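Let's take a quick tour of a protein chain together. Have the sequence and the 3D view open, and go through the topics one at a time.

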Amino acid sequence: MVKIDEVHLIDCPDCKYSSRDDYHYCRLCGHDFQEGVDESQGRFSRFVKKALSGSVSDNVRYCTNCKSEIRDFTMDFCSNCGERIPFEGYKNLCSCGNIMSNNYCNICRGKGTKKQLISDEYYLIWHNQVIIPLSEEYNTDLTKNNFKSYFNLTNEEENHIIYKMVHHVLFDKIDGNVVDFFKQVFDETKRNYKNIEESIFNLVEQEITNEFNNDGIVSSNTTTIKRSYTETVETSHIKNKHGAGTKVLATAVAGPLGFVATSGVKEETETKEVRHEGEYCHEQMIFNKENIIYQMYTRKGWGGSVFNNDHPNMNKTIIGWDSVDSIDDENFLILKTGETIKCPSWNKLEHIIKPCILNIVATANENSNKEYMNKYYDDAKNKAIEVILSLINEQIVANKKISSNSDSDVESLEKIMDMYKSGLLTDDEFVAMKQKLIGNNNESSTKFCGNCGAEIIENSKFCTQCGTQIK
């Protein structure tokens, strides 16, 4: 049985940066750990300490295996010895799968749990909680680059598996043991990387369908009814020609003549700018399997584009699928009454699309993740809209069939009733044909009035609806 030792974090005696104790060199300052480490400095596993000496440069890092200088921080492996290069700085990880640039996750909108890891802490979890049990399971040393070669992985596949495993260990998402979960992630990764775009599309379709069948797909829009503007207004007011002090002085010097001379009023005109707030209309439609919820309100002042579900001016209408005739190419919902409703833009899909992309290709390398987002996001969004429109049309067609069948059943029942009234059908034949039409195959002795077709109450001598005597 292969035995792999756990690794721990130690402080570099030169720059105080936290590093794994199996590194040969500090990746920040290049200190040779083989010269020994002062254990009295202690270990830490949370934040990166600032460099306390001038030995750390912002422009260069060092390979932890051979001390080669690393100046391209996007590299994953050392060009000299092939050793993995830890990512720069620390990561803000969210339980939803996103790597955040700050403390707020724009995918789950702050609903997830956040954790921060320095790079060596990240790979510490990978080594101690994943590599060690896998090495024991497969009876081989999977440390260093042996993991990638043993499982025949590309760099992208390996980085994704590392990210997925560390993320799930960190947030206690593994149901069962680590080895079984690894096998599941390995199979999914190999399958998904054969055609990344198709894998993303399949997951988007699955998630869109789930949301449509449950909470509903949200479509919203904010339109300007009247723009805000600033108006220059002139105002006039009457004021004394002279101030109180002038009057007192003139009266004291010239007596009544001075008072009269300084009395009187004058009209002055002032201009000031008055701002008129704009008026905006906020619309939201929620499409789900049961119905369509249309909500709208207007407000003065911008107040942002976020829809306020508790706005006092809210108008809410619930539209049943049986009221919808079609949806056209310009996203106009056409009702059977002839009314049309413009569906707002499909701009609330980010919380579905981004996690789908991350689920397929995410790594701890933010630059790689951004490249994947730029490459696949627009196509994935188009796929999501395509799926939404397909689900809407399915609901419209399904309700049209129900309505058509219902109309057909009514017409058939009327024909049977006419035949019964004209004496072409006996009571038993009428009951049998009616039961077959409504799908009721249970035996029944129910009788119906030959005049009006109403159901006859047991032991009645006359029809309770039209008064006809029952024979």
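Which residues of the largest nonpolar core touch the most other members? They are Trp126, Phe147 and Ile208, out of 78 residues in that core. Keep in mind that you're looking at a predicted model. The chain has 471 residues, and buried ones make up 40% of them. It holds 10 helices and 18 strands, so there's plenty to click on.

**The cores**

- Start with the largest nonpolar core, where Trp126, Phe147 and Ile208 have the most contacts with other members.
- Helix H9, which covers residues 366-421, gives the most to this core: 12 residues.
- Zoom in on Trp126 and skip residues up to four places away in sequence: what's left touching Trp126 is Ile131, Phe147, Ile161, Ile162, Met165 and Val166.
- Another core lies apart from the largest one. This other core has 9 residues, including Cys15, Tyr23, Cys26 and Phe33.

**Contacts along the chain**

- Look at the contacts in the chain with a separation of 6 or more: 59% of them are between residues 24 or more positions apart.

**Two helices that cross**

- Here's a handy idea before you look: a pair of packed helices is described by the distance between the axes and the angle between them.
- Now find helix H1 (residues 119-138) and helix H4 (residues 178-192), whose axes come within 9 Å and cross at roughly 90°.
- That crossing angle is why H1 counts as roughly perpendicular to H4.
- On the H1 side, the residues that meet H4 are Gln129, Val130, Pro133, Leu134, Glu137 and Tyr138. On the H4 side, they are Val178, Val179, Phe182 and Lys183.
- Sorted by class, this contact of H1 with H4 has 7 nonpolar, 1 polar and 2 charged residues.

**The sheet with four strands**

- One open sheet has 4 strands in the order E8-E11-E12-E13, and the pairing is antiparallel.
- Which strands sit at the edges of this sheet? Strand E8 (217-226) and strand E13 (315-320) do, and each pairs on one side only.
- From one strand to the next, the twist averages 15°.
- Inside this sheet, strand E11 (residues 279-287) and strand E12 (residues 291-300) are antiparallel partners over 9 bridges.
- If you want to check one pair by eye, pick Glu283: the bridge partner is Met296 in E12.

**The sheet with three strands**

- Another open sheet has 3 strands, ordered E14-E15-E16, with antiparallel pairing again.
- Its edge strands are E14 (324-327) and E16 (340-342), each pairing on one side only.
- Neighbouring strands here are turned by 20° against each other on average, if you ignore direction.
- E14 pairs with E15 over 3 bridges in the antiparallel sense. Ile327 stands opposite Leu333 in E15, while Ser326 has Ile334 in E15 as its bridge partner.
- On the other side, strand E15 (residues 332-335) is joined to E16 by 3 bridges, and the two run antiparallel. Phe332 stands opposite Lys342 in E16, and Leu333 stands opposite Ile341 in E16.

**Faces and turns around E15**

- In a regular strand, the side chains alternate between the two faces of the sheet.
- Which residues of E15 are on the covered face, and which are on the uncovered one? Leu333 and Leu335 take the covered face, and Phe332 and Ile334 take the uncovered one.
- E14 and E15 make a hairpin with 4 residues between them, and Asn331 in that turn has a positive phi of about 65°.
- E15 and E16 make a hairpin as well, with 4 residues between them, and in this turn Gly338 has a positive phi of about 100°.
- Glu339 is in the loop between E15 and E16. Leaving out neighbours within four places in sequence, Glu339 is in contact with Leu333 and Ile334.
- Glu339 and Asp325 are 14 residues apart along the chain, and their C-alpha atoms are separated by 9.9 Å.

Technical notes:
Residues numbered from 1 in each chain as written. Predicted model: local features only at pLDDT ≥ 70, side-chain atom pairs only at ≥ 80, totals over all residues. Heavy atoms only, no water. Core = buried A, V, L, I, M, F, W, Y, C linked by side-chain atoms within 4.5 Å. Buried < 20%, exposed > 50% of the residue type's maximum accessible area, 1.4 Å probe, protein only. Contact = heavy atoms within 4.5 Å. Axes fitted to C-alpha atoms, helices over the stretch in contact; angles between N-to-C directions. Parallel < 35°, antiparallel > 145°, perpendicular 65-115°, else oblique. Nonpolar A, V, L, I, M, F, W, Y, C, P; charged D, E, K, R; others polar. Pairing = 2+ DSSP bridges.
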